[in-house]
Amino acid sequence: MLQTVSLSCRRGDRRLFSNVNVMVQPGTVLAVVGENGSGKTSFLRMLCNLLAPEEGAVLWHGVDIRRLKEQYCAQLTYIGHLNGIKDDLTATENLLLTAALTGDRPSDASVRDALEAVGLKHRIHHLPTRVLSQGQKRRVALARLWLSTHPLWLLDEPFTSLDQAATALVTERLRSHLQGGGLAVVVTHHEVALPSEMVQRLRLDG
Amino acid sequence: MSQPGLWETLRGIIWRDLLLAIRRRSDVAISVLFLVIVASLFPLGVGPEPAVLRTIAAGVLWVAALLACLLSLGRVFTADYLDGVLEQMLLIAQPLPVLVAGKVFAHWVVSGLPVVLLSPLLGLQFGLEGEALGMLVLSLLLGTPTLSMIGSIGAALVLGVRGSGLLVALLVLPLYVPVLIFGAGAVTSSMAGIGGEANLSLLGACLVLSVFFAPWATASALRIALE
C-alpha cells in the first residue's frame with residue numbers, strides 16, 4: 001500500500017501543491033491529472049524519492065520511503081518522461097541490461113516476447129535504438145513492464161508518442177498487473193481505460 | 001523476484017558503460033588523440049635538443065594526461081542525464097556511491113588506461129628511458145584513477161548547467177594540482193637518481209582518499225542535480 005501524508009511541493013517560489021493525502025491500494029491505479037506545470041511529474045518524483053517534499057511524507061506499507069531507501073527501490077518500476085534507453089544499444093541490449101540492474105533477470109526469450117508484446121517486430125530487436133521512431137523508442141521503454149516483477153509501477157505519461165494500438169496494449173498490461181495484486185501511479189493526459197473500481201483520480205491544479 | 005547482488009549490479013554498470021564506449025569508439029579516440037597531439041607539439045615547439053626535452057618531459061606528459069582526462073569528463077554522466085538512464089540508476093536498489101564508483105572505473109578504463117598504455121611511447125619521444133619511463137607509467141597508473149574520481153565530482157556538480165565544460169575545468173583543475181605535482185615529481189626524482197617512491201606513496205594516498213570520498217560526494221551531487 002502506498003500512501004502520501006500531507007505532501008507539499010514548492011519549486012522555486014511557486015507552491016505546486018500542498019496537503020495531498022492519497023492512498024493507493026493493491027489492485028488499483030492512481031491516475032494523476034492536471035494541466036501542464038501543475039506538479040504532476042514532481043508528485044511522481046516524490047513517490048520515487050527522487051525529489052524531497054517540502055512537507056509531508058510518502059509511506060510504503062506504513063513506513064516512510066526515506067527510511068526504506070534501497071528496500072523501497074527494490075519494489076518499484078519507474079518509467080519517466082525520458083525513456084531511459086541508450087541510443088547506441090539495441091532494444092534487446094537495453095532491456096537485458098536494465099532488467100539485470102533492477103533485479104528482473106529476464107531470459108533472451110522473455111525479452112523477445114516483451115518486445116513483441118509492445119508490437120516491435122523481430123527485425124527491430126537488434127537495431128540500435130537511435131534508428132527507431134519516438135513511438136518505437138517509447139515502446140522499448142514500456143516493454144520493461146512486461147519484464148517487471150515489482151509490485152509498484154510509477155509511470156510518467158506512458159501513453160505519449162504511442163498510437164492507439166500500443167496504448168491499448170499498455171493498458172491491458174496495466175490491467176493484468178493490477179489483477180495480479182500490483183499497484184500503480186500513472187501521470188497522464190489520457191484517460192486510463194480501466195474499470196472505474198480499479199482507477200482512482202487525483203487532480204492537481206497547480 | 002530476487003535482487004541482484006552488489007557485485008552483479010556493479011558488473012552490469014561497468015559492462016554497460018564499456019559496451020557503450022565500444023559502440024562509440026570515436027569518443028574514446030578523441031581524448032587519446034588529444035594526448036598524442038599535445039605531447040607531440042612540445043618537441044616541435046621547444047626544439048629537438050634531448051636534454052631540454054628530458055627536462056620538461058614529466059611536466060608536459062602529466063599536463064597532457066590531465067587535460068585528456070578533463071576532456072573526457074563530460075562523458076561520465078551527461079549522456080545518462082539527458083536520456084533518463086541516470087534517473088533509473090538512482091532507483092537501483094543498491095547504494096548509489098558504489099554504482100558511481102563502477103561508472104568512474106569504467107570511465108578510467110576508457111580514458112585513463114589508454115593514457116597509461118601510451119605513455120611509454122610518448123616518454124620515448126621525450127628521450128626518457130629505463131627507470132624514468134617505468135616511473136612515468138607507474139605514476140600515471142596511480143594518478144589517472146584519482147583524476148577520474150575527482151573529475152566525477154565536478155562532472156556531477158555541473159550536470160544540467162549551461163557552459164558546464166568550462167565550469168568543470170574551473171572546479172576540478174585546482175583539485176588536480178597535488179596529483180600533478182606528485183606525478184611529475186615522481187618522474188623527475190627518478191631522473192635525478194633520488195627515486196620517486198615518496199611521490200608514488202603520496203599518489204597512492206591520494207588514490208585511496210579519492211576512492212573513499214569521491215563516490216559519496218559524487219552521489220550527493222547527482223541527487224541534487226536530479227531534484
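In the predicted model, four strands of chain A form an open sheet with antiparallel pairing, in the order S2-S1-S4-S5. Its edges are strand S2 (14–24) and strand S5 (63–64) of chain A, each paired on one side only. Helix H1 of chain A packs on this sheet and touches S1, S2 and S4 of chain A. The direction of H1(A) makes about 130° with that of S1(A).

Two pairings within this sheet involve S1(A). Strand S1 (residues 2–11) and strand S4 (residues 55–60) of chain A are antiparallel and share five bridges. Here A:Ser8 stands opposite A:Glu55 in S4(A). On S2(A), the antiparallel pairing with S1(A) runs over seven bridges. A:Arg10 faces A:Arg15 of S2(A) in this pairing. The hairpin of S1(A) and S2(A) has two residues between the strands. In that hairpin, A:Gly12 adopts a positive phi near 65°.

A further open sheet in chain A contains five strands. Their order is S6-S7-S8-S3-S9, and the pairing is parallel. Strand S6 (76–79) and strand S9 (199–204) of chain A are the edge strands, each pairing on one side only. From one strand to the next, the twist averages 15°. Strand S7 (residues 152–156) and strand S8 (residues 183–187) of chain A pair in the parallel sense through five bridges. A:Leu152 has A:Leu183 in S8(A) as its bridge partner. Helix H1 (residues 40–47) of chain A also packs on this sheet. The contacts of H1(A) reach strand S3 (29–34), S7, S8 and S9 of chain A. Its direction makes about 150° with that of S8(A). H1(A) thus touches strands of the antiparallel sheet and strands of the parallel sheet.

A loop residue of chain A was examined next. A:Leu132 lies between helix H5 (108–117) and helix H6 (134–142) of chain A. With 19 other C-beta atoms within 10 Å, A:Leu132 is partly exposed, because burial requires 20 or more. Beyond residues up to four places away in sequence, A:Leu132 touches A:Ile124, A:Leu127 and A:Lys137. The C-alpha atoms of A:Leu132 and A:Asp87 are separated by 9.0 Å, although these residues are 45 residues apart along the chain.

In chain B, helix H6 (residues 96–125) comprises 30 residues. At 1.5 Å a residue, H6(B) should span 44 Å, and the 42 Å between its end C-alpha atoms agrees with this. H6(B) bends by about 45° at B:Ser119. A proline, B:Pro120, follows B:Ser119 within four residues. After H6(B) comes B:Gly127, which has a positive phi near 80°.

Helix H7 (residues 130–157) of chain B has 28 residues. The distance from its first C-alpha to its last is 41 Å, close to the 40 Å expected at 1.5 Å a residue. H7(B) is kinked by about 25° at B:Leu141, shortly before the proline B:Pro145. Of the 28 residues of H7(B), 23 are buried, so this helix is largely enclosed by the rest of the structure.

The largest nonpolar core has 128 residues. H7(B) provides the largest share of this core, with 14 residues. Residues with the most contacts inside the core include A:Leu47, A:Leu154, A:Ala184 and A:Val186 of chain A, and B:Leu61 and B:Ala65 of chain B. Neighbours within four places in sequence aside, B:Ala65 is in contact with B:Leu35, B:Val115, B:Leu140 and B:Thr144.

Between the chains, 25 residues of chain B are in contact with 25 residues of chain A. On the chain B side, helix H1 (6–23) and helix H5 (85–90) each supply at least two residues. The largest share of that side comes from H1(B), which contributes seven residues.

One loop position in chain B contrasts with the buried residues of H7(B). B:Gly47 lies between helix H2 (25–46) and helix H3 (50–72) of chain B. B:Gly47 is exposed, since it has 9 other C-beta atoms within 10 Å and 12 or fewer count as exposed. B:Gly47 and B:Leu122 are 75 residues apart in sequence, and their C-alpha atoms are 16 Å apart in space.

Note on methods. Residues numbered from 1 in each chain as written. Chains lettered and ligands numbered in written order. Predicted model: local features only at pLDDT ≥ 70, side-chain atom pairs only at ≥ 80, totals over all residues. Pairing = 2+ DSSP bridges. Axes fitted to C-alpha atoms, helices over the stretch in contact; angles between N-to-C directions. Contact = placed C-beta atoms within 7 Å. Expected span 1.5 Å × (residues − 1). Bend = angle between axes of the 7 residues up to and from the residue. Core = buried A, V, L, I, M, F, W, Y, C linked by C-beta atoms within 7 Å.
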